[in-house]
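Visitor: I would like to learn how to read a protein model. Could you take me through one?

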Amino acid sequence: MISTRRHQVMAKIKKNRILNTLSKGKRLDGRDLDEYREIKFKVDVIERAEGSAEVLIGATRVLTGVKIEVGKPYPDVPDKGVLIVNAELVPLASPTFEPGPPDENAIELARVVDRALRSAEVVDLGKLCLIPGEKVLLLYVDVYVLNHAGNLIDASALSALLALMTAKVPVYEVSEAGVEKTEEYKPLEILNKPITVTMAKIGNAIVVDPSLDEEEVMDARLTISVDSQGRICAVQKGGSGYFTPEEVEKCVDVAFQKVEEIRSKVVEKVGEA
Amino acid sequence: MPLVVEGKRVDGRGLEELRPIKIESGILENADGSAYVEQGRTKILAAVYGPKELHPRHLADPQKALLRCRYHMAPFSTEERRSPAPSRRDIELSKVIRNALEPAIFLEEYPRSTIDLFIEVLQSDGGTRCTGIVAASVALADAGIPMRDLVSACAAGKVDGFIVLDLCYVEDQEGEADMPVAYMPKLGQITLLQMDGLMTREEFDRALNLAIKGCEQIYEVQREALKKRYEAIERLVGGEGT
Amino acid sequence: MPGERMFEQRDLVLPGDLLARGDFKAGDNAYKVGDEIRASRLGLVEYGEDEVSVIALKSCYDPKVGDVVVGKVVDVNINGWDVDIGGPLEAFLNVKDVIGGQPSPDIPLTRIYDIGDVIVAKIVGFHKTSMRPLLTTQGPGLGKVGRGLMIRITPTKIPRVIGKKGSMISMLLKETRCKLILGQNGYIIAIGSKRGEEMIAAALDKIERECHVPGLTDRVQEFIRSLKGGGEKVAAGG
């Protein structure tokens, strides 16, 4: 219910610099209001995982591992596989992260990433059933935040997507004896590629991909996920401030623009690597 | 199973019709402020304690009051009994509800203190985060917490391809999209906005407008609930004697 | 008039309600954005010469220097006592306020004021951000309260308990034969017979609930007399 650390106090001189620079249409790191930091990625970084991807947005670093196991389905959906998304704000990633079970920030992060993947139906869970009611594939997507320099949501969502896109599913043989894992693997079938864009509101300005400093002074943030067919599949407002309906519309416009850029510059390149 | 047949939904409502809503304020003796809301079959109780000293003191914010919010569902509130332990959903909802109410409260008036808000879902039929915010706002005003405006909340969504207002549980589960919104009508400010499901840009815009309209209607019910206690006393007492 | 009034004097208003436009200043329980003054608490709107405020029907206690308050000691440490005065922050009574020089290790501070003691004190220092309410118990009428019934009402209603020119409080004292200690923080001590104290508690509850309806003093007087079984009334009427 409450964070366990002392409130972070930002130096007034820094806060003023951020606001002054914004009033001139720029950000402290020289970016335009609608500009992302450099996005870099690597896939297949953890051989023991069935899928993995590390994404860097500026200095924010998130590693997602996908593990695929066999388990029981949920009783009300006996013929579908299960997608489980978890996020860890690993203590080494920030002086503000404490060891312990996921706090409200880690839980929100995991659920927002999950929402986009689930609403867009990235994976057809119906195809992950081995023995209905008994054995299905469990897709564990574990988001591991390794360095927090702002905008964990976009980096996490992107690394989760790339990890799934490059994941290999073990082939199981189903017989009367049960379920047996073979030596073979096949790629996980991906039906949709939602991309997530987060914007922060600072005073009257709206900036894309907030840095850590910007997150500390922002009034509120809005996260919008758009799928491969241009449909909105997840929205999350965060922070203690507000948006007017006009500001929401403006954010949606910007989101659609940035989603296209990220899709062409990053996601489409995954196959080529 | 179709959810919309000839403009009527599973519970007989029209596409843009709210469920019947009833709000009572000041019903708990100990809390500084409280409210009870019934919206369709959803029943929610909210209570506020504070502002008061926050212990341990080093967790306090020297510049403003902390709003601590606990959203929780009673074990008997859902079709199948649920564990009383807070779920991940309870924790996320506690956070987004807190973020929905913070912009309304003059937190800077009471630095270092805490305002504790408890939202208990006694029976759930969908829309609990919105109904929870509706109850919480009334409880906060009932407690005399200084606010810029009341916060109202309502969800819109997409069911069988139609954009509808105030989804019940079945519509949320079986429908194509759900969009909860919290809004301060006098100030025109959106303080909660989430969406899960699939919507085109155009559907998103229509749903957002519809949800805001729902918020404006519910806002009037919140105001009536706060006024009516005092107006009832006035009527009861004002007629007698000198 | 510096602007436009949107309500009538003493109308019931809610947080967010637009009370006035123009050059008015925002008073208690109201706030100004641009040229609009809105209510921040549920209460009765009051239009002054150049100020618009709201008499809150419920609010927590806002400490002010000079206020006399009733509080309960909740903790004691080497520097003094933490006192709960029902406000957003606990108040503090410095040991130096009671003992002239250095505290002696032989006399535990709990001997002076123990945890659980009820005291009447005056606020001598307060700043919203940097200083919690600082108290003194030096002065007439201040210090520890030995017995009585403690009752809490909304702090903004204390003036109603006093009444115009003291009409309400003198009526309460006369009808119940109790002594009353009023704290600006809404904490009241009634000291008298058990019955008298209970009548005060019932009367204060009525004042709390009906304070927004005119004619309160007479209604409360009638109410107390009805509690007494009308005995006194009959005697007076002959």
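**Reading the model**

Guide: We start with a residue that is hidden. A:N151 counts as buried, because its relative accessibility is 2%. The cut-off for buried is under 20%. Keep in mind that this is a predicted model.

Visitor: Where does A:N151 lie in chain A?

Guide: A:N151 sits in the loop between β6 (135–147) and α3 (152–165) of chain A.

Visitor: What is phi for A:N151?

Guide: The general idea comes before the case. Most residues other than glycine have a negative phi. A:N151 is not a glycine, yet its phi is positive, about 60 degrees.

Visitor: Which residue of chain C has a positive phi without being glycine?

Guide: C:K165 is such a residue, with phi near 55 degrees. Its place is the loop between α2 (158–162) and α3 (167–176) of chain C.

Visitor: Is C:K165 buried or exposed?

Guide: C:K165 is exposed, because its relative accessible area is 90%. The cut-off for exposed is over 50%.

Visitor: Now peptide bonds. Which bond ending at B:P51 is cis or trans, and what is its omega?

Guide: Again, the general idea comes before the case. Most peptide bonds are trans. The bond from B:G50 to B:P51 is cis, and its omega is near 0 degrees. B:P51 belongs to strand β5 (residues 42–53) of chain B.

Visitor: What kind of peptide bond joins B:H55 and B:P56?

Guide: B:H55 and B:P56 are joined by a cis bond, with omega about -5 degrees. B:P56 is in the loop between β5 and β6 (66–73) of chain B.

Visitor: Let us turn to the surface. Which residues form a nonpolar patch there?

Guide: The patch consists of B:M1, B:V10, B:Y169 and B:V170. Together they have about 410 Å² of accessible area. Take B:V10 as one of them. B:V10 lies in the loop between β2 (8–9) and β3 (21–25) of chain B. B:V10 counts as partly exposed because its relative accessibility is 40%.

Visitor: How do I describe a whole chain, such as chain C?

Guide: Begin with the elements. Chain C has 6 helices and 17 strands. Next comes the extent. The C-alpha trace of chain C spans about 65 × 60 × 25 Å along its principal axes. Then look at burial. Chain C has 238 residues, and 50% of them count as buried.

Visitor: What supplies the exposed area of chain C?

Guide: Chain C exposes about 11400 Å², and carbon and sulfur atoms supply 52% of that.

Visitor: How many charges does chain C have, and how far apart are their mean positions?

Guide: Chain C has 33 positive and 31 negative charges. Their mean positions are 5 Å apart.

Visitor: How do I read contacts along the chain?

Guide: Compare distance in sequence with distance in space. In chain C, take the contacts between residues at least 6 apart in sequence: 55% of them join residues at least 24 apart. For a single case, look at C:I115 and C:W81. They are 34 residues apart in sequence, and their C-alpha atoms are 8.5 Å apart in space.

Visitor: Which residues does C:I115 contact, leaving aside neighbours within four places in sequence?

Guide: C:I115 contacts C:V73, C:V74, C:D75 and C:V76. C:I115 itself is in the loop between α1 (95–98) and β12 (118–127) of chain C. C:I115 is partly exposed, because its relative accessible area is 47%.

Visitor: Finally, which chains share the most contacts?

Guide: Among the 2 pairs of chains that touch, chains A and B have the most contacts. Chains A and C share no contact, and their closest C-alpha atoms are 15 Å apart.

Technical notes. Residues are numbered from 1 along each chain as its sequence is written. Chains are lettered from A and ligands numbered from 1 in the order in which they are written. This is a predicted model: local features need pLDDT of at least 70, side-chain atom pairs count only at pLDDT 80 or more; totals for chains, interfaces and linings use all residues. Side-chain values use heavy atoms; hydrogens and water are left out. Patches are made of residues with over 30% relative accessible area and no salt bridge: like charges are joined within 9 Å, nonpolar side chains (Val, Leu, Ile, Met, Phe, Trp, Tyr) within 5 Å. Accessible areas come from the Shrake-Rupley method with a 1.4 Å probe; for residues, only the protein chains shown count as cover. A salt bridge is a side-chain nitrogen of Lys or Arg within 4 Å of a carboxyl oxygen of Asp or Glu. Helices (H or I, at least four residues) and strands (E, at least two) are DSSP runs, numbered from the N terminus. Buried means under 20% relative accessible area, exposed over 50%, partly exposed in between (1.4 Å probe, protein chains only). Contact means heavy atoms within 4.5 Å. Lys and Arg count as positive and Asp and Glu as negative; His and the chain ends are not counted. The place of a charge is taken as NZ of Lys, CZ of Arg, CG of Asp or CD of Glu.
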